[in-house]
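Hi everyone, thanks for coming. I'd like to walk you through a structure that may be new to you, so let's get it up on the screen.

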Amino acid sequence: MDGTAVSFDTASAARSLGDGTFTAVLRAEWAIGSHPHGGFLIALLARAAIAALHERGEPHAEPLVVSAEFLHAPALGPVLLRTDVRKVGRRATVVEVRLEQRGRSCVEARVTTGRLPMRRPEWTDVPSMPAEPPPGALAMAESTEGPFNLAKGCEVRLDPATAGYLTGRTDEPPRMRLWVRPRHSLVDPYFSLLASDVNPPVVMNLGRIGWAPTVQLTALLRTRPAPGWLRVVVESRSVHESWFDSDATVVDAQGRLVCQARQLGLAPAPGG
């Protein structure tokens, strides 16, 4: 591994305290600057929900939907995860998860679980882009929010044709294309959740440079991803005053839709 880098699997696995609560440590290599990465937090919450069901004797549970409210930005360091099973069904079970730090609830989510479908879909519509990053794709190592520490744990390539902000343009569509894969583990549904939020804020193409915190995010997991690069297309439908939406579509190496995510975020002021 790279120095002190901890794999995604290890970093996102919470330790059970035996009563439906779990502990974890938010590490710097899964952060943007000093901010724990939002997609990583979603994956951590989903894993805690599934771990709670496994402890209840449901070994086949998998995440289908994660709907999260970001209440307060957690700091790097230890966190507590509290789970509460709200519904147990034959096809779908719902678990509430709260991520707490120093007695304050920071992120709260509902995780709908079941069995991910594995047969080929009857119908699908996925964006067209190369299965692997082309030679001109840019390796992300820096961000406007601080060091892109995720580069220690995963490879991220950005299509420069969709990142006008890199050359100072402020009139490009809020739309980006990326490729991502973990460095020290295989892609799985939890890494698909991280991939759905791995992009720089799309409003940067409009000259809105800076931290764009997520307020609410809902992600749908559609199937287990095949090994290899994940392709990500992210776009916004509307940037309205300080609010913007961001829709991510994640496609695996076999061209299958594996994750969809929509979030509402706060955009930096024009001109940074």
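**A first walk through the model**

Let's start at one small spot: leaving out residues up to four places away in sequence, Gly 20 touches Leu 81, Arg 82 and Thr 83. You'll find Gly 20 in the loop between strand 1, residues 15-16, and strand 2. Is Gly 20 buried or exposed? It's buried, because its relative accessible area is 16%, and the cut-off for buried is under 20%. Now look across to Ser 192: Gly 20 is 172 residues from it in sequence, and their C-alpha atoms are 25 Å apart in space.

Before I go on, please keep in mind that this is a predicted model.

Okay, let's zoom out. What is the protein built from? It has three helices and 18 strands. Along the principal axes, the C-alpha atoms fill a box of roughly 55 × 45 × 40 Å. The radius of gyration is 18 Å, and a compact globule with 272 residues would come out near 19 Å, so the two agree.

Now for the inside and the outside. Of the 272 residues, 52% are buried. The protein exposes about 12600 Å², and carbon and sulfur atoms supply 50% of that. As for contacts, take those between residues at least 6 apart in sequence: 70% of them join residues at least 24 apart. On charge, there are 30 positive and 28 negative side chains, and the centres of the two sets lie 4 Å apart.

Next up, the aromatic rings. A pair of aromatic rings is described by the distance of the centres and the angle of the planes. How many aromatic pairs turn up in the whole structure? A search finds four. Take Phe 8 and Trp 30: their rings sit edge-to-face, 5.6 Å centre to centre, with 65° between the planes. Phe 8 belongs to helix 1, residues 8-11, while Trp 30 is in the loop between strand 2 (21-26) and strand 3 (31-32), so this pair ties together parts that are 22 residues apart in sequence. Both Phe 8 and Trp 30 are buried.

Trp 30 has another partner. With Phe 40 it makes a stacked pair, 5.8 Å centre to centre and 15° between the planes. Phe 40 is in helix 2, residues 38-55, and Trp 30 is in that loop between strand 2 and strand 3, so here the pair ties together parts 10 residues apart in sequence. Phe 40 counts as buried because its relative accessibility is 1%. Trp 30 comes out at 1% relative accessibility, so it counts as buried too. Put the ring pairs together and they link Phe 8, Trp 30, Phe 40 and Phe 191 into a cluster.

Phe 40 also leads us to Ser 12. Setting aside neighbours within four places in sequence, Ser 12 is in contact with Phe 40, Leu 44 and Arg 47. Ser 12 sits in the loop between helix 1 and strand 1, and at 0% relative accessibility it counts as buried. Leu 138 is 126 residues from Ser 12 in sequence, and 26 Å away in space, C-alpha to C-alpha.

Another loop residue to click on is Pro 74. It's in the loop between strand 5 (62-70) and strand 6 (77-87). Which residues does Pro 74 touch, not counting those up to four places away in sequence? They are Leu 26, Pro 36, Leu 41, Leu 99, Gln 101 and Cys 106. Pro 74 counts as buried, because its relative accessibility is 8%. His 37 is 37 residues from Pro 74 in sequence, and their C-alpha atoms are 9.9 Å apart.

Last stop, the backbone. Most residues other than glycine have a negative phi. Arg 102 isn't a glycine, yet its phi is positive, about 55°. Arg 102 lies in the loop between strand 7 (93-101) and strand 8 (104-114), and at 73% relative accessibility it counts as exposed. Glu 241 also has a positive phi, near 55°, and is not a glycine either. Look for Glu 241 in the loop between strand 16 (239-240) and strand 17 (243-251). Is Glu 241 buried or exposed? Exposed, because its relative accessible area is 64%, and the cut-off for exposed is over 50%.

That's my tour, so over to you for questions.

Terms used: Residues are numbered from 1 along each chain as its sequence is written. This is a predicted model: local features need pLDDT of at least 70, side-chain atom pairs count only at pLDDT 80 or more; totals for chains, interfaces and linings use all residues. Side-chain values use heavy atoms; hydrogens and water are left out. Helices (H or I, at least four residues) and strands (E, at least two) are DSSP runs, numbered from the N terminus. The radius of gyration is taken over C-alpha atoms; the globule rule is 2.2 Å times the number of residues to the power 0.38. Buried means under 20% relative accessible area, exposed over 50%, partly exposed in between (1.4 Å probe, protein chains only). Contact means heavy atoms within 4.5 Å. Accessible areas come from the Shrake-Rupley method with a 1.4 Å probe; for residues, only the protein chains shown count as cover. Lys and Arg count as positive and Asp and Glu as negative; His and the chain ends are not counted. The place of a charge is taken as NZ of Lys, CZ of Arg, CG of Asp or CD of Glu. Rings of Phe, Tyr and Trp (its six-membered ring) pair if their centres lie within 6.5 Å; planes under 30 degrees apart count as stacked, over 60 as edge-to-face and the rest as tilted.
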